[in-house]
Protein chains: 2
Amino acid sequence: MDLEEIDSAIQKMIRQLGAATKQRRQESFNVKEKIGFKDLVTSVDKDNEQFIDRKIKELDPDCQIISEEGFGDDVSRLQGHVWIVDPIDGTMNFVEQQRRYAIMIALYIDGQPTLGYILDVANNQLYHAWHGHGAYVDGQKLQQPADSGLHDSLVTINGGLILSGRGQVRQIAEQARGLRMYGSAGIELTDVITGRLGLYLSWLKPWDLAAGRVIAEELGLVVQNVDGSRPDVLSSNLVLVATSQAAQDIHQLVN
Amino acid sequence: MDLEEIDSAIQKMIRQLGAATKQRRQESFNVKEKIGFKDLVTSVDKDNEQFIDRKIKELDPDCQIISEEGFGDDVSRLQGHVWIVDPIDGTMNFVEQQRRYAIMIALYIDGQPTLGYILDVANNQLYHAWHGHGAYVDGQKLQQPADSGLHDSLVTINGGLILSGRGQVRQIAEQARGLRMYGSAGIELTDVITGRLGLYLSWLKPWDLAAGRVIAEELGLVVQNVDGSRPDVLSSNLVLVATSQAAQDIHQLVN
C-alpha cells in the first residue's frame, strides 16, 4: 500500500472511530486513575488504542507503533515507519466535559515527521497534514498563520508549569495578550495551527506532540525544545510550538 | 408587555444578534485597546450594545440599563427593572479566535436575579433561565449538576489571579483535577452550569456575572464572594460560582 492509500485509510478510520467514541461516552465505561487523581484512563482509551494499532498493522505490516496505553511496540530506534498514537488525548475532558478531546495519529519515516492527524472528536473536525503536500482541516487547505509576536498573541502554557513557576513561564504569560488552557494538547495544538493561539508551551510525551508537529511544521511554525534544540521523537520534551516571532521572543526572555 | 413576552422577545433578539455578530467577524471592523493591550473593544461591541439597549428600552420602557461600553444609564439603585448587558464577552477571543465568546443579558427586578441569557455565539447555543421557571440550553431543561468537591472538579480561575498568586488561588488549583481557562466569563459560566467545571473563580464586573448568576442560582449552584458574602450587583466582586461542595472546600482552604 502506498502512502496515499494509507493516508486515505487513516482519515476514514479516525472519523469512524471518532463517531464511535462520542457514542461510547453516552454508555457506561470504566475510569481509572493512572498516576494520581489528575490523570485518568478509561476502557475507551484502551479499546481505541487496540483498534487503531490493529488497523495500522493491517495497512502497514512492517511498521513499529508507539502508543500511549502500552499496546504498541517497545520502540527504541526510528528507522523505517514508526506510528505514534494517542487514542484519547484529554481523557479528563472526555470524562468530565464530553468535549475538548482528540484522537491523534502520526507517521514518522526514518525519524522524519510525515503524516499527522488530529481529530477534534466533539466537533468532528479533522486537522491533518502530509509533509510537503499541505495541511488541511476537513479537506480545506490551511494557510501559514500570521507571524505574531508574544505581545500580540494568546498563549497556552500547561497548568502544572504555571503553578510550579518553573523557568520564566509566568513572565511569558504576563507578556502575552492572554492565557488559555483547554486541557488537551491536541485541541491546543489545533489552535496554534490555525493562528487562534500564537504559542503553546508544555511538557509533552511523544504521543502528545507527534501529530501536531507534522501539521505545525508543514505550516512553517516552529516546533522546538525551549532551549532551541530539536525535540526527540522518542522522549518527553519541554516543547514550544509557536510562530517564528513568538519563538524568538521566548528565547530572548528565557536565555 | 409581561415577563413572558419580554423573555420570548429577548431570546429571539439575542439569536439574531448572534448570527449578525458572527457575520460581522468576517467583515472589517475597528479594534481598539481599552485599558492596555490585554483588553480590547471593537466597533461590533459598541454596535451590539446600542442595538441591545435600544431593543430593551422598546420592550421595557421604564427600565434602567447597565451596559459595558457605556451606552446605558448611570445606575446607582436597584429598584424596579434593571437590565445588565455584555454586548461581547471575550472580545479578545472574538478578534483572535472567532470562537469562545458570548453575548450576555440579564434582568434584575428590585435587585433579585430574574432573567439570564448567555449566547455562545460561535456554537449558537443559548443558555437561559427565568427565576423559578427553570434553566435551559436551546430549550432543553438543565438539571442541577452533581455536587462534586474541589478534588473531583475541573476549575477555572482567572489567569491574572493565578499569575498574581493572590489569596490561595494556586493552592486551590493544585487541589483540583485540573485548571482550565477559556478567556470568556460567559463560556466559563456555561461550563459550570452544565457540570463541565465544578468551580469558577474570578474578579468579575457586573456584566460578567449578571446573566450567569441567574442561571447558576436557578440550578442550585452557589454564587458568592470568596468571603462568603453575597455579590453586590452594581460593583466588581471576587466571585466564585460553584457546586455547594466545591464552595465549602474553598472556604476551608481560604478561611
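What share of the contacts in chain A with a separation of 6 or more comes from residues 24 or more positions apart? Such residues account for 58% of those contacts. The model is predicted. Chain A has 255 residues, and 51% of them count as buried. Chain A touches chain B, and the contact takes 21 residues from each of the two chains.

**Chain A overall**
- The secondary structure of chain A consists of eight helices and 14 strands.
- The radius of gyration of chain A is 17 Å, close to the 18 Å that the globule rule gives for 255 residues, so chain A is as compact as a globular protein of that length.
- Measuring along the principal axes, the C-alpha trace of chain A spans about 45 × 40 × 35 Å.

**Helix H1 of chain A**
- Helix H1 of chain A runs over residues 3-26, which makes 24 residues.
- From first C-alpha to last, H1(A) reaches 35 Å, close to the 34 Å expected at 1.5 Å a residue.
- Buried residues in H1(A) are Ile10(A), Ile14(A), Leu17(A), Gly18(A) and Thr21(A).
- The cover over these buried residues includes helix H2 (43-59) of chain A, together with three strands of that chain: E5 (102-109), E6 (112-120) and E7 (125-130).

**Nonpolar core**
- The largest nonpolar core contains 145 residues.
- Within this core, Ala106(A) and Ala106(B) have the most contacts.
- Beyond its neighbours within four places in sequence, Ala106(B) is in contact with Trp83(B), Ile84(B), Leu115(B), Gly116(B), Ala210(B), Ala211(B) and Val214(B).

**Contact between chains A and B**
- The contact is made by 21 residues of chain A and 21 residues of chain B.
- On the chain A side, at least two residues each are supplied by helix H3 (91-96), helix H4 (159-164), helix H5 (169-175) and strand E11 (178-180).
- By class, the side of chain A that touches chain B holds nine nonpolar, seven charged and five polar residues.

**Relation of the two copies**
- Chain A is superposed on chain B by a rotation of 180 degrees with 0.0 Å of shift along the axis, at an RMSD of 0.0 Å.
- The two copies are therefore related as by a two-fold rotation axis.
- Both copies use the same surface, as 100% of the contact residues of chain A recur in chain B.
- Met181(A) is the residue of chain A that comes closest to the rotation axis, with its C-alpha at 2.4 Å.

How values were computed
Residues numbered from 1 in each chain as written. Chains lettered and ligands numbered in written order. Predicted model: local features only at pLDDT ≥ 70, side-chain atom pairs only at ≥ 80, totals over all residues. Helix = DSSP H or I, 4+ residues; strand = E, 2+ residues; numbered from the N terminus. Rg over C-alpha atoms; globule rule 2.2 N^0.38 Å. Buried ≥ 20, exposed ≤ 12 C-beta atoms within 10 Å, placed from the backbone. Contact = placed C-beta atoms within 7 Å. Nonpolar A, V, L, I, M, F, W, Y, C, P; charged D, E, K, R; others polar. Core = buried A, V, L, I, M, F, W, Y, C linked by C-beta atoms within 7 Å. Least-squares fit on C-alpha atoms with pLDDT ≥ 70 in both. Expected span 1.5 Å × (residues − 1).
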